[in-house]
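Here are my notes on this one, jotted down as I went through it. Have a look at the structure first, then read on.

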Amino acid sequence: MTEHFLEDYQVGQTYSSSVARVESGRIKSFAAEFDPQPFHLSEEGAAGTIFGSLAASGWHTAAMTMRLVVEGTLRPAGGVVGLGFDEFRWPSPVRPGDELRAETEILEVRLSKSGPGHGVIKVRITTATQHGRPVQIAVGHLLVPGRERKDAKEAEAMNTAV
């Protein structure tokens, strides 16, 4: 798939991902290592909580979303390099059997103030289930090289090789 440079992005564009199926065992193993709370570790532990049944950690949802975005159609040149988030929410729990898909919308495109040849795209990444229920909404900023930077680096590499 083609990688995209700053000049390729425009406000309003959307990029999609494939689907990731959420497995009960993965919810529990992630929780055991990174977020060992009863509602993430077992059905029994979750029964008496606000969730009522097993739910994935929000951080597990974030990790799955990252994978979906990286493998999706957004494809910034140089990789998905995050600069931070303005908003990060988990409006609904992720359950075993859910099938997650991420959609990234470009909200803003601007040149970097501190990094010549780079820019920043502000994005909203919405992760939703197969039923369209949002489970994570994040608004953040990604560092993206401009095409001119790529061309300058290629010219420099060719001059060095000669």
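1. The second largest pocket has a lining of 13 nonpolar residues, 6 polar ones and no charged ones (nonpolar covers Ala, Val, Leu, Ile, Met, Phe, Trp, Tyr, Cys and Pro, charged covers Asp, Glu, Lys and Arg, and the others, Gly among them, are polar). This is a predicted model, in which local features need pLDDT of at least 70 and side-chain atom pairs count only at pLDDT 80 or more, while totals for chains, interfaces and linings use all residues. Residues are numbered from 1 along each chain as its sequence is written, and side-chain values use heavy atoms, with hydrogens and water left out.

2. Who lines that pocket? There are 19 lining residues, with Ala62, Met66, Phe85, Phe88 and Ile125 nearest the centre. For the record, a pocket is an open set of points on a 1 Å grid over the protein atoms alone, where a 1.4 Å probe fits, with protein on both sides within 12 Å along at least five of seven lines; lining residues have an atom within 4 Å of a point. The volume is about 250 Å³, taken as the space filled by probe spheres set on the points, which are joined across faces, edges and corners.

3. By element, α4, β3 (81-89), β5 (118-128) and β6 (134-145) each put at least two residues into the lining of the second largest pocket, and β3 has the largest share, 6 residues. Helices (H or I, at least four residues) and strands (E, at least two) are DSSP runs, numbered from the N terminus.

4. The largest pocket comes out at about 290 Å³. Its lining has 14 residues, and Ala20, Arg26, His60, Met64 and Arg67 lie nearest the centre. Here the split is 7 nonpolar, 2 polar and 5 charged. At least two residues each come from β2 (20-21), α1 (24-34) and α4 (58-71), with α4 giving the largest share, 6 residues.

5. Now β5, which also helps line the second largest pocket. Of its 11 residues 8 are buried, so the strand is largely enclosed by the rest of the structure (buried is under 20% relative accessible area, exposed over 50%, partly exposed in between, with a 1.4 Å probe and protein chains only).

6. On one side, β5 runs antiparallel to β4 (residues 99-111), with 10 bridges joining them (strands pair if DSSP finds at least two bridges between them). Glu105 has Arg124 of β5 as its bridge partner. The β4/β5 hairpin has 6 residues between the strands, and Gly117 there takes a positive phi near 85°.

7. β5 and β6 are antiparallel too, joined by 11 bridges; Val120 stands opposite Leu143 in β6. In their hairpin, with 5 residues between the strands, Gly132 has a positive phi near 85°.

8. On to the rings: there are 7 aromatic pairs (rings of Phe, Tyr and Trp, the last by its six-membered ring, pair if their centres lie within 6.5 Å; planes under 30 degrees apart are stacked, over 60 edge-to-face, the rest tilted). Phe30 and Phe34 make a tilted pair, 4.9 Å centre to centre with 45° between the planes. They sit 4 residues apart in α1, so about one helical turn separates them. Phe30 is buried at 17% relative accessible area, whereas Phe34 is exposed at 53%.

9. Phe88 and Trp90 have ring centres 5.3 Å apart and planes at 85°, so this pair is edge-to-face. Both are partly exposed, Phe88 at 28% and Trp90 at 35%. Ring pairs link these two with Trp59 and Phe85 into a cluster.
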